[in-house]
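Let's take a walk through this protein, one spot at a time. Keep the structure open while you read, and find each residue as it comes up.

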Amino acid sequence: MKKFPLKNNQMQLIRGFYNIANTLDLKDGCVLSIGNFDGVHRGHQAILERLCDKSAEVGLPSVVLLFEPQPKEFFARKIAKSQQVIKSPEELTAFIPARLMLLRDKFFALEQAGVDFVLCVRFNEKFASLSASEFISDLLVRQLRVRYLSVGDDFRFGAGRAGNFELLRNAGLKYRFAVEDSQTLSYASQRVSSSLIREALQNDELHLAKQLLGRAYSICGRVVHGNKLGRTIGFPTANIMLNRLVIPLQGVYAVQVKTTYGLFNGIANVGNRPTINGIKPLLEVHIFDFNQAIYGTAIEVIFHHKIRSEIRFPSFEDLKCQIEKDCEQAVRFFNSFTKISGI
């Protein structure tokens, strides 16, 4: 039996170390894992399962410590700006890795995995300058009172990435906390990782991404009002702002869409919409056989098959003709998909 209260048995979010005392009683300590958890893929899921099992075994809260922005994003921006190689925010896309999921979706996935608390810490210059020994003594020991820690054997921390797994293991002996190497999960002789999933999505290997994630890749978001050009050519769309500079996939896809009215097939375009000189990346979804008002509601777009890359068309009439072909191809895919999956 766990010895700490959870509101309605829901995971709780703690923003910053300074809010720990107001949210979490750590007099007996916690079990902890640290990482980006981008995508919450099968490797992450295995780590989280062991963390939650340990939490139940010792009766201590399970805590996931993650950073915002992700350290790679922070340092990529810093390097790009110091080298003065960027002139606009869009040019940062060459330096910043694509996020598999937004922060809110990561929180939801961690909650589904059974985590009790997520501690989200702002990664800035001050935090990056912490020495490895300060990271251990001040954050892990004094503030979190960690009793069990699960990290990858390639985990690096502290200024200059001076801290490593061996340093943590020695610190565990000194401060009396257990350190576990979260064993690498492999698929087809490759280490399951967020970077491998990004690469699979960029190479249009959606099936590989699905195997690594443990589910088909999807994007969640609220439907917003767009320019409504789609309905003028017979293809109304539900639009989701992606709220990120770099997206892991781009083009036209056969998708399924989870709505409050059920699950529907459709096609989606992910990108900047060059035919109308778009700038910000947008997800546009045309849902088949659907005529409901869903503005402001949350939907999930599940990507199953790449139809084509995003291109500029000379006219809206040309675009309309291509979308008709895209829809026909998506219908053929789902007819085949249904036969294969038995749905």
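Start at Ser218, which sits in strand β9. Helices here (H or I, at least four residues) and strands (E, at least two) are DSSP runs, numbered from the N terminus. Ser218 has a relative accessible area of 17%, so it is buried. Buried means under 20% relative accessible area, exposed means over 50%, and partly exposed is in between (1.4 Å probe, protein chains only). The side chain of Ser218 makes a polar contact with the side chain of Glu300, at 2.7 Å. A polar contact is a pair of N or O atoms within 3.5 Å; within protein, one must be able to donate a hydrogen and the other to accept it, and residues adjacent in sequence count only if both atoms are side-chain atoms. If you skip residues up to four places away in sequence, Ser218 touches Glu300, Val301, Ile302 and Phe303. Contact means heavy atoms within 4.5 Å.

A word on where this comes from. You're looking at a predicted model, in which local features need pLDDT of at least 70 and side-chain atom pairs count only at pLDDT 80 or more, while totals for chains, interfaces and linings use all residues. Residues are numbered from 1 along each chain as its sequence is written, and side-chain values use heavy atoms, with hydrogens and water left out.

Now zoom out. The protein has eleven helices and 14 strands, and buried residues make up 49% of its 343 residues. Among contacts with a separation of 6 or more, 73% are between residues 24 or more positions apart.

Next, look for Thr259 in strand β11 (residues 251-259). Is Thr259 buried or exposed? Its relative accessibility is 13%, so Thr259 counts as buried. A polar atom of the Thr259 side chain lies 2.9 Å from the backbone nitrogen of Tyr261. Leaving aside neighbours within four places in sequence, Thr259 is in contact with Phe264, Ile287, Phe290 and Ile299.

Glu310 is in the loop between β14 (298-308) and α11 (316-341). Glu310 counts as buried because its relative accessibility is 19%. Which side chain does the Glu310 side chain make a polar contact with? That partner is the side chain of Asn269, at 3.0 Å. Glu310 and Gln250 are 60 residues apart along the chain, yet their C-alpha atoms are separated by 6.9 Å.

You can do a similar check on Asn243, in the loop between β10 (238-241) and β11. Asn243 has 58% relative accessibility, so it counts as exposed. C-alpha to C-alpha, Asn243 is 8.7 Å from Lys280, which is 37 residues away in sequence.

On to the helices. Two packed helices are described by the angle between their axes and the distance between the axes. Try helix α6 (residues 132-143) and helix α7 (residues 165-175): their axes come within 11 Å and cross at roughly 45°. (Axes are lines fitted to C-alpha atoms, for helices over the stretch in contact, and angles run from 0 to 180 degrees between N-to-C directions.) So α6 and α7 are oblique to each other; angles under 35 degrees count as roughly parallel, over 145 as roughly antiparallel, 65 to 115 as roughly perpendicular, and the rest as oblique. On the α6 side, Ala132, Ile136, Ser137, Leu140 and Val141 meet Leu167, Leu168, Ala171 and Tyr175 in α7.

In helix α4 (residues 103-112), the buried residues include Leu103, Phe107 and Leu110. Their cover includes β1 (12-15), α2 (42-58), β3 (62-68), β4 (117-122) and β9 (218-222).

Finally, some backbone details. The peptide bond from Glu68 to Pro69 is cis, with omega near 0°, and Pro69 is in the loop between β3 and α3 (71-82). The table lists residues with positive phi.

| Residue | Phi | Where |
|---|---|---|
| Gly114 | near 100° | follows α4 |
| Asp204 | near 65° | loop between α8 (194-202) and α9 (206-213) |
| Asp289 | about 50° | loop between β13 (282-287) and β14 |

Asp204 has a relative accessible area of 36%, so it is partly exposed. Asp289 is at 79% relative accessibility and therefore counts as exposed.
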